[in-house]
Amino acid sequence: MIKFVLAAVWICVATLGAVFYAFQSVESKSTADETGPLTMMGGLDYVKTEVISVPVIRDAAVEGYFLTRLVYTVDPREMKKLKVPAEAVITDVVYSFVYSSPSLDFRKVKTLDPDRLRNGIREGINTRIGQQLIQDVLIEQIDYLSKEEVRDNALKRRKSSAKVVTFGQQTAEQPAEGAGPAH
C-alpha cells in the first residue's frame, strides 16, 4: 500500500513540475518575442488595401488611371496606437506620391521603378505619421489604363448589353432589360 501512495505522489510531483516548466518556457519565449526585432518571419501584421485608383493628369488633362493594390507590413502594437484609419493615410500618400512625381511615366513600363514607388510610399506614410509604422510596402497589383482603354471598355460594355432586333430589312438596337438608354 505504501508503494501505491508513493507512486501516486511521484506522479503528482512529476505532473506539477512539467506544467510549471511548460508555463515558464512559454512566458520566456513570449517576452523574447516582444523585445526582439520584428521580421517578415514573425511579429508583423500584413494588411491589404483595396484597389487604389489615381487619375494621371498631364498638361491639364486626364491621360489615364494608375491602379494599385498594396500590402503593407506593420507592427501590430504600433497599429493599435493609430487614431486615423491606416487605409485613409495610405490612399492619401499614394495620391500625393503619384502627383508629386512627374518623372513617373506609367505608359512606359520599362522606366517604371517599383522599388522607388514602394520606398516613396513607405517613407511618405512614415513621415506623415511621424514614426516608423510601416516596415515594408509590397505591390500585389499595379496597372495603368489609358483614357482610350477606359473609353473602349465602356463602349464594349454598352454594346454587349444591347439586343439586336430585326424588322424585315431594318436592324435596330434595343437596350437589354434593366439597361438604361445607350446615349
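## Exercises: patch, core and a partly exposed Met

Let's start at the surface of this predicted model: Met 1, Phe 4, Val 5, Val 9 and Val 13 make up a nonpolar patch there, and together they have about 580 Å² of accessible area.

**Exercise 1.** Place Val 5 in its helix, then work out whether Val 5 is buried, partly exposed or exposed.

*Solution.* First, find the element: Val 5 sits in helix α1, residues 2-35. Next, take the relative accessible area of Val 5, which is 46%. Buried means under 20% and exposed means over 50%, so Val 5, at 46%, counts as partly exposed.

**Exercise 2.** Work out which elements build the largest nonpolar core, and which one gives the most.

*Solution.* Begin with the core itself: it has 22 residues, and Phe 66, Ile 90, Val 94, Ile 121 and Ile 125 have the most contacts inside it. Two or more residues come from each of β2 (52-58), β3 (61-74), α3 (86-100), α4 (114-129) and β4 (134-146). The top contributor is α3, with seven residues. Now zoom in on Ile 125: skipping residues up to four places away in sequence, Ile 125 touches Val 89, Ile 90, Val 93 and Ile 134.

**Exercise 3.** Describe the surroundings of Met 79 and say how exposed Met 79 is.

*Solution.* Start with the address: Met 79 is in helix α2, residues 76-81. Then list the partners: leaving out neighbours within four places in sequence, Met 79 contacts Tyr 72, Val 74, Ala 86 and Leu 133. Check the spacing to Ile 134 too: 55 residues apart in sequence, 9.1 Å apart in space, C-alpha to C-alpha, from Met 79. Finally, the relative accessible area of Met 79 is 24%, so Met 79 is partly exposed.

Technical notes: Residues numbered from 1 in each chain as written. Predicted model: local features only at pLDDT ≥ 70, side-chain atom pairs only at ≥ 80, totals over all residues. Heavy atoms only, no water. Core = buried A, V, L, I, M, F, W, Y, C linked by side-chain atoms within 4.5 Å. Buried < 20%, exposed > 50% of the residue type's maximum accessible area, 1.4 Å probe, protein only. Helix = DSSP H or I, 4+ residues; strand = E, 2+ residues; numbered from the N terminus. Contact = heavy atoms within 4.5 Å. Patch = residues over 30% accessible without salt bridge, like charges linked within 9 Å, V, L, I, M, F, W, Y side chains within 5 Å. Areas by Shrake-Rupley, 256 points an atom, 1.4 Å probe, with all protein chains shown as cover. Salt bridge = Lys/Arg side-chain N within 4 Å of Asp/Glu carboxyl O.
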